[in-house]
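Q: Please take a close look at one part of this model. Pick a helix and its surroundings, and give the cut-offs as you go.

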Amino acid sequence: MIVVSTDYIEGKTLEMLGLVNGSTIQSKNIGKDFGAGLKSIVGGELTGYTEMMEEARTIAEKRMLEKAAQMNADAVVNVRYATSAIMQGASEVMVYGTAVKFK
């Protein structure tokens with residue numbers, strides 16, 4: 001399935017099917033969270049959180065694409081990601097876009 005951040009696909013005429021989205025809430029375990037707190041004192045990348053957010057984006061996108069497939073979509077256009085902190089050490093990732101079929 002084609003996934004793009006633009007509202008068009010070059011050379012294709014699109015029929016809009018509707019909004020699709022996927023989301024997940026992820027957290028790190030207490031040990032990694034404690035380690036990240038110590039790392040924030042000296043600065044630098046919090047690799048545990050980077051990995052957590054990468055995993056969350058992958059899960060959210062997979063869920064969005066499953067919904068698009070249920071609609072028999074050929075692509076999802078105008079894809080956007082949003083994040084929010086739910087609580088300390090936990091974040092939500094949501095991805096959304098418009099499912100389309102090629103005419």
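A: Helix 2 lies across strand 1, strand 2, strand 3 and strand 4 (90–102). Its direction is about 145 degrees to that of strand 2. Axes are lines fitted to C-alpha atoms, for helices over the stretch in contact, and angles run from 0 to 180 degrees between N-to-C directions. Helices (H or I, at least four residues) and strands (E, at least two) are DSSP runs, numbered from the N terminus.

This is a predicted model: local features need pLDDT of at least 70, side-chain atom pairs count only at pLDDT 80 or more, and totals for chains, interfaces and linings use all residues. Residues are numbered from 1 along each chain as its sequence is written, and side-chain values use heavy atoms, with hydrogens and water left out.

Now the sheet. Its 4 strands form an open sheet in the order 1-3-4-2, with mixed pairing. Strand 1 (2–3) and strand 2 are at the edges with a single partner strand each, so one side of each has no neighbour in the sheet. Two strands pair if DSSP finds at least two bridges between them. Strand 1 and strand 3 (residues 75–87) pair in the parallel sense over 2 bridges. Ile-2 stands opposite Ala-75 in strand 3.

Next, the helix residues. Met-53 lies in helix 2. Met-53 counts as buried because its relative accessibility is 16%. Buried means under 20% relative accessible area, exposed over 50%, partly exposed in between (1.4 Å probe, protein chains only). Beyond its neighbours within four places in sequence, Met-53 is in contact (heavy atoms within 4.5 Å) with Thr-83, Ser-91 and Val-93. Met-53 and Ser-91 are 38 residues apart along the chain, yet their C-alpha atoms are separated by 8.0 Å.

Thr-58 also lies in helix 2 (residues 47–70). Thr-58 has 52% relative accessibility, so it counts as exposed. The Thr-58 side chain reaches the backbone oxygen of Glu-54 at 3.0 Å. Thr-58 and Val-95 are 37 residues apart in sequence and 9.7 Å apart, C-alpha to C-alpha.

From the sheet side, take Gln-26 in strand 2 (residues 14–27). Gln-26 is buried, at 13% relative accessible area. Not counting residues up to four places away in sequence, Gln-26 touches Met-52, Glu-55, Ala-56, Ile-59, Gly-89, Ala-90 and Ser-91. The side chains of Gln-26 and Thr-24 are joined by a polar contact of 3.2 Å. A polar contact is a pair of N or O atoms within 3.5 Å; within protein, one must be able to donate a hydrogen and the other to accept it, and residues adjacent in sequence count only if both atoms are side-chain atoms.
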